[in-house]
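This report describes the architecture of one protein chain, proceeding from the chain as a whole to its sheets, its helices and two individual loop residues.

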Amino acid sequence: MAIPSFVDVVTLRVSAGRGGHGCASVRREKFKPLGGPDGGNGGHGGSVILRVDPDVTTLIDYHRHSHRRAGNGQPGKGNFADGAHGGDLVLTVPDGTVVTDASTGEVMADLVGAGAELVAARGGRGGLGNAALATAARKAPGFALLGEDGDDHTIRLELKVVADVGLVGFPSAGKSSLIAAVSRARPQIADYPFTTLTPNLGVVRADQVVFTLADVPGLIAGAAAGRGLGHDFLRHIERVQAIVHVIDCATWEPGRDPLSDLSVIEAELAAHGGLSDRPRLIALNKVDVPDARLIAELARDDLAALLDQLDPDHRQDRSRIYLVSTKTGEGLKALTFELARLVQTRRAARPPAVGPRLRLTPPPATGPQFSLAQESDGAGGQVWRVRGDKPERWVRQTDFGNAEAVGYLADRLNRLGVEEALLRAGAAPGDAVAIGAPEAVVFDFAPQVDIGAELLARRGEDNRLQESRPAVRRRRARDAEYQARRAVGLALSGLEDRTEEGEEGEDGPAPEADAGDGRPEDDHGF
């Protein structure tokens with residue numbers, strides 16, 4: 001299938017880079033027995049940034065390659081060596097690109113102006129090394145934090161051409177010829193309908209005013225509902241300061257005349273919406289044809305009356321209808337000067353830009369730091385579910401294969417107030433607590449002992465986790481009960497052996513009881 005050369009709507013997946021893991025390292029050097037932790041931090045992942053480039057006019061590159069990834073951060077190393085940051089990926093887009101979240105439909109940004117930027121996907125943070133985690137209470141941490149995943153979004157890019165004046169009209173009305181006659185643009189021109197398949201832009205200079213013209217494909221009745229080609233490009237005139245109706249006065253199609261053409265096009269613009277406040281001008285084209293000039297002269301007053309109804313804000317302005325010929329140049333100078341006056345007036349009415357252009361970033365999360373609710377676990381039980389940006393991010397940073405790292409997570413959650421909120425809500429020790437959704441991490445709730453004191457444990461361990469888990473206490477109680485029963489059984493067995501020896505004389509020793517009989521299975525529940 002042929003790939004078009006002009007694309008103004010694409011769906012793009014952007015994946016930011018993952019942050020590098022922190023390093024857990026202890027300095028080992030001759031004659032320095034207490035070197036201390038020296039693990040470096042992981043590098044941040046690269047972000048995906050959209051940037052307006054005036055030289056880019058289409059989104060074709062993202063139509064062909066619809067998934068873009070930024071670089072990952074590198075892990076930290078010993079000797080306080082931080083990992084390298086992942087490189088940002090800068091994607092250039094045309095001026096006037098609207099960025100929308102494909103899943104929610106929310107508009108993320110409207111990129112207008114050279115250099116405007118949007119961080120579409122933010123890179124993941126690098127994990128802290130144990131050198132950065134050292135405190136007075138934990139002088140030599142035996143763990144480091146993991147790097148975070150970067151954002152992964154699917155966005156929709158929609159180009160809306162930034163122009164000052166938009167040309168609208170039926171196919172073959174002479175819009176492309178008009179833009180070619182007043183500017184240096186050279187659109188395709190032919191003697192058949194729908195020659196223009198993509199919007200064309202032209203730069204026009206009238207005295208000291210410079211403005212741009214946009215020529216969109218021809219409109220027909222029902223264009224706003226999807227007929228023809230114009231419905232795909234009506235968005236390109238949403239930003240214009242004025243609209244020019246180009247009317248073909250020499251059309252050979254039956255049932256068409258300047259008055260009906262104007263009514264049909266205005267009906268389509270009204271159906272599209274958002275253009276009622278733009279001033280209108282009419283260019284009665286092809287007056288170099290004798291019959292066309294006569295038709296234009298006859299329809300001029302009726303067109304002025306209809307234009308007064310459609311554009312009442314400019315009712316007193318009678319210089320809005322022009323007889324033009326793109327072949328001979330008749331009327332084009334007066335039309336361009338009037339357009340320059342309108343554009344200059346509209347520009348003066350707009351508020352001036354204040355300050356430098358800033359990079360747009362996704363807004364930070366607002367509201368409470370976490371929420372707590374009791375939900376069903378799907379198996380007939382209940383689970384306390386904790387949601388929030390901070391708790392979920394801390395869980396993703398934790399290495400659950402390291403008991404000291406798990407204890408550090410427990411301290412962070414306690415300082416945030418999660419434990420206090422659970423107690424207020426009625427949680428009991430041993431209740432299941434899940435953090436995050438849908439891939440949650442589940443814990444047994446065990447209210448903390450005092451925190452903040454110096455932790456006297458081996459690196460990578462946390463003594464609190466060895467004593468406070470209900471599953472461990474249950475298993476140890478069953479083991480103690482089993483050992484007591486086994487001791488009683490062995491004592492009784494020894495007594496029977498001695499009795500038999502006294503009665504039978506030289507009998508061999510009784511076989512040992514099987515240590516594995518009746519032992520309860522080990523409980524590894526959390």
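Of the 526 residues of the protein chain, 41% count as buried. The model is predicted. Its secondary structure comprises 11 helices and 19 strands. Among the contacts between residues at least 6 apart in sequence, 71% join residues at least 24 apart.

## The five-stranded sheet

One open sheet consists of five strands in the order E3-E1-E8-E5-E6, and its pairing is mixed. The edges are occupied by strand E3 (67–69) and strand E6 (107–111); each has a single partner strand, so one side of each is left without a neighbour in the sheet. From one strand to the next, the twist averages 25 degrees. Within this sheet, strand E1 (residues 9–15) and E8 run antiparallel and are joined by seven bridges. Val9 has Glu158 of E8 as its bridge partner.

## The six-stranded sheet and its helices

A further open sheet is formed by six strands in the order E10-E11-E9-E12-E13-E14, again with mixed pairing. Here E10 and strand E14 (321–323) stand at the edges, and each has a single partner strand, so one side of each lacks a neighbour in the sheet. Neighbouring strands are turned against each other by 25 degrees on average, direction ignored. Inside the sheet, E9 and E12 pair in the parallel sense over four bridges. Val165 is matched in E12 by Ala242 as its bridge partner.

Two helices are associated with this sheet. Helix H3 lies across E9, E10, E11 and E12, and runs at about 40 degrees to E10. Helix H5 packs on the sheet and touches E13 and E14, its direction making about 160 degrees with that of E14.

Helix H3 (residues 175–182) is mostly covered, six of its eight residues being buried. These buried residues are Lys175, Ser176, Leu178, Ile179, Ala180 and Val182. Their cover includes strand E9 (165–168), strand E10 (200–206), strand E11 (209–215) and strand E12 (242–248), together with helix H6 (332–349).

## Packing of H4 against H5

Helix H5 (residues 290–310) also packs with helix H4 (residues 258–272), at an angle of about 30 degrees and with the axes 9 Å apart. H4 is therefore roughly parallel to H5. The crossing of the two helices is right-handed. On the H4 side, the contact is made by Pro258, Leu259, Leu262, Ser263 and Glu266, and on the H5 side by Ile295, Ala299, Asp302, Leu303, Leu306 and Leu310. Classified by residue type, the contact of H4 with H5 contains eight nonpolar, one polar and two charged residues.

## Strand pairs

The pairing of strands E17, E18 and E19 can be set beside the pairs described above.

| Strand pair | Sense | Bridges | A pair of facing residues |
|---|---|---|---|
| E1 and E8 | antiparallel | seven bridges | Val9 and Glu158 |
| E9 and E12 | parallel | four bridges | Val165 and Ala242 |
| E17 and E18 | parallel | three bridges | Arg385 and Ala434 |
| E18 and E19 | antiparallel | four bridges | Ala432 and Asp444 |

Strand E18 (residues 432–435) thus takes part in two of the listed pairings: a parallel one with strand E17 (residues 382–387), and an antiparallel one with strand E19 (residues 441–444).

## Two loop residues

Glu148 is found in the loop between helix H2 (130–133) and strand E8 (152–159). With a relative accessible area of 7%, under the 20% limit, Glu148 is buried. Leaving aside neighbours within four places in sequence, Glu148 is in contact with Arg18, Gly19, Gly124, Arg125, Arg393, Arg396 and Gln397.

Lys286 lies in the loop between strand E13 (280–285) and H5. Its relative accessibility is 26%, so Lys286 counts as partly exposed. Residues up to four places away in sequence not being counted, Lys286 touches Ser172, Ala173, Asp248, Ala250, Ala292, Val324 and Ser325. The C-alpha atoms of Lys286 and Ala296 are separated by 9.4 Å, these residues being 10 residues apart along the chain.

Terms used
Residues are numbered from 1 along each chain as its sequence is written. This is a predicted model: local features need pLDDT of at least 70, side-chain atom pairs count only at pLDDT 80 or more; totals for chains, interfaces and linings use all residues. Side-chain values use heavy atoms; hydrogens and water are left out. Axes are lines fitted to C-alpha atoms, for helices over the stretch in contact, and angles run from 0 to 180 degrees between N-to-C directions. Angles under 35 degrees count as roughly parallel, over 145 as roughly antiparallel, 65 to 115 as roughly perpendicular and the rest as oblique. A crossing is left-handed if the near helix is turned anticlockwise from the far one by less than a right angle, and right-handed if clockwise. Contact means heavy atoms within 4.5 Å. Ala, Val, Leu, Ile, Met, Phe, Trp, Tyr, Cys and Pro count as nonpolar, Asp, Glu, Lys and Arg as charged, and the others, Gly among them, as polar. Buried means under 20% relative accessible area, exposed over 50%, partly exposed in between (1.4 Å probe, protein chains only). Two strands pair if DSSP finds at least two bridges between them.
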